[in-house]
Amino acid sequence: MHVTPVAAPPAGDELPAWLRPRIPEGFRRLKAPIRLCCIMQKGGSGKSTTTVCLACELALAGLRVRVWDVDAQLGGATHWLNPDTGDGRGEPANLLHLFRGEASPDEVTYPTRVPGLHIVPSYTSLKQVELAPPPGVEQVIDWAIDNTSEPYDVEITDCGPSLGQLSIAALVGTPNVIIPLKASGFDLNALAELNRTLGLTKARLKPELKVTAVLLSEVMKSNLTQEVFDAMCADYPEALVMGIRMSVKAREASLESIRLPLHEYAPTATVRQDFQYLAAALVEQGMA
Ligand SMILES: Nc1ncnc2c1ncn2[C@@H]1O[C@H](COP(=O)(O)OP(=O)(O)OP(=O)(O)O)[C@@H](O)[C@H]1O
Ligand SMILES: [Mg+2]
C-alpha cells in the first residue's frame with residue numbers, strides 16, 4: 001500500500017471560465033482499482049493523447065498505472081511511451097501474444113520512463129486479432145487484469161479507430177468509458193454508432209459499463225465549442241464533460257524526434273494543466 005497526498009476536490013477556478021468543466025451533481029470520483037477505456041471510432045479524436053497524458057498524471061500522483069495499447073496502428077501509446085522492452089531484437093512479447101495465449105499478462109507488461117507507469121505494447125501485428133479472432137477474444141483483457149501478479153491501481157486502454165473485436169475487448173476489460181471527440185469534427189452519426197455499441201456491450205457482456213467522461217479535444221474558444229459542449233452535457237447527463245485545450249506542445253511531445261511525456265516536455269503548458277485537472281476530477285488520489 002502507498003499513500004499520496006489527497007488532491008483537493010477540483011473547483012475549476014484555475015481554468016478559464018469558457019473552459020469550466022461540467023461535473024454533474026452526484027458525480028463520484030473513481031477510487032482505485034479503476035478501469036478506464038478511451039474509445040471513439042473516429043480517427044484522430046484524441047484517444048492516445050488522453051490515455052497517455054491522463055496515465056502520466058495519475059502515475060505522478062503516486063498511483064500504479066498500466067496503459068494497454070489496443071491499437072494496431074503505429075504512432076499510438078506504444079510509440080509515445082517508448083517502453084523498455086529488452087534487447088530490441090525482433091518484436092517483444094506484446095498484446096498479440098496475450099490474445100493468442102502465448103504470453104502471460106506479466107510477460108507483456110513493460111516499464112516506461114515514468115515511475116509507476118507500465119504499458120502493454122502493441123504493433124501492427126495486432127491486426128491479426130481482428131482477422132482471425134482467437135476464442136474468447138472479448139474476455140482476454142478483463143481476464144488478464146484479474147490475473148496480473150501485482151495488481152494496478154489504474155488500468156487504462158487506448159482503442160484504435162474502430163469498433164471491432166479489439167475495442168469490444170477493451171470495453172469489457174475497462175468499462176469506465178472516456179469519449180474524446182473533436183468539436184471541429186463533431187459527427188452525430190459516429191456518436192450514434194458508438195452509443196449503439198456501448199449499449200449492446202453493456203446489455204450482452206458488461207452490465208457495469210458506463211460513460212464516465214466526454215472530452216472535447218483540441219478546443220479553442222468558439223461558438224461551435226460551446227454548442228458541442230452543451231450538446232454533450234445534455235446527451236451524457238451523468239458524465240464529466242470538459243474541453244482539453246489545443247496546444248502545439250501536445251502534438252510535438254509525441255513526435256519521433258522528441259517522444260517525451262507531456263509533463264517532461266512542457267510542464268507548464270495549458271494542455272498539461274487540463275490533464276492535471278482531469279486526473280484530479282476523475283480519480284480520488286488518496287490512499288491506494
Ligand atoms: N490538445 C491538443 N492540442 C493539439 N494537438 C492535439 C491535442 N490532442 C491531440 N492532438 C494531436 O491530434 C492528433 C490526433 O491525436 P491522437 O493521436 O491522440 O488521436 P487518436 O484518437 O488516438 O487517433 P487514432 O484514431 O489515429 O488512434 C495527434 O497529432 C495529436 O498530437
Ligand atoms: Mg490513437
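Let's start with helix α1, residues 47-60, and helix α11, residues 270-282: their axes come within 9 Å and cross at roughly 65°. Keep in mind, everyone, that we're looking at a predicted model. With angles from 65 to 115 degrees counted as roughly perpendicular, α1 and α11 are therefore roughly perpendicular to each other. As for handedness, the crossing of α1 and α11 is right-handed.

Who actually meets whom here? On the α1 side we have Thr-49, Thr-50, Cys-53, Leu-54, Glu-57, Leu-58 and Leu-60, and across from them in α11 sit Arg-272, Phe-275, Gln-276, Leu-278, Ala-279 and Leu-282. If you sort the residues of that α1 and α11 contact by character, you get 8 nonpolar, 3 polar and 2 charged.

Now, please look at ligand 1. How many residues surround ligand 1? There are 19, and the closest are Lys-47, Ser-48, Thr-49, Arg-245 and Ser-247. You'll remember Thr-49 from a moment ago, as one of the α1 residues that meet α11.

Let me point out some individual distances around the ligand. The side chain of Lys-47 has an N or O atom 2.8 Å from an oxygen atom of ligand 1. The backbone joins in as well: Gly-44 places a backbone N or O atom 3.0 Å from a ligand 1 oxygen atom, and for Gly-46 a backbone N or O atom is also found 3.0 Å from an oxygen atom of ligand 1.

Next, a residue I'd like you to zoom in on: Arg-35, which belongs to strand β1, residues 34-38. Which side chain does the side chain of Arg-35 make a polar contact with? That partner is Asp-146, at 2.8 Å. Setting aside neighbours within four places in sequence, the contacts of Arg-35 are Asp-142, Ile-145, Asp-146, Glu-155, Gly-173, Thr-174, Pro-175 and Asn-176.

One of those contacts, Gly-173, takes us to our last stop, because helix α6 is defined as residues 165-173. The axes of α6 and helix α7, residues 188-204, come within 11 Å and cross at roughly 55°. That makes α6 and α7 oblique to each other, and α6 passes α7 in a right-handed crossing. The contact is made by Ile-168, Leu-171 and Val-172 from α6, together with Thr-197, Leu-198 and Thr-201 from α7. By character, the residues of this α6 and α7 contact come out as 4 nonpolar, 2 polar and no charged.

Thanks for listening, and I'm happy to turn the structure around for anyone who wants another look!

How values were computed: Residues numbered from 1 in each chain as written. Chains lettered and ligands numbered in written order. Predicted model: local features only at pLDDT ≥ 70, side-chain atom pairs only at ≥ 80, totals over all residues. Heavy atoms only, no water. Axes fitted to C-alpha atoms, helices over the stretch in contact; angles between N-to-C directions. Helix = DSSP H or I, 4+ residues; strand = E, 2+ residues; numbered from the N terminus. Parallel < 35°, antiparallel > 145°, perpendicular 65-115°, else oblique. Left-handed = near helix turned anticlockwise from the far one by under 90°. Contact = heavy atoms within 4.5 Å. Nonpolar A, V, L, I, M, F, W, Y, C, P; charged D, E, K, R; others polar. Near = heavy atom within 4 Å. Polar contact = N/O pair within 3.5 Å; in protein donor to acceptor, adjacent residues only side chain to side chain.
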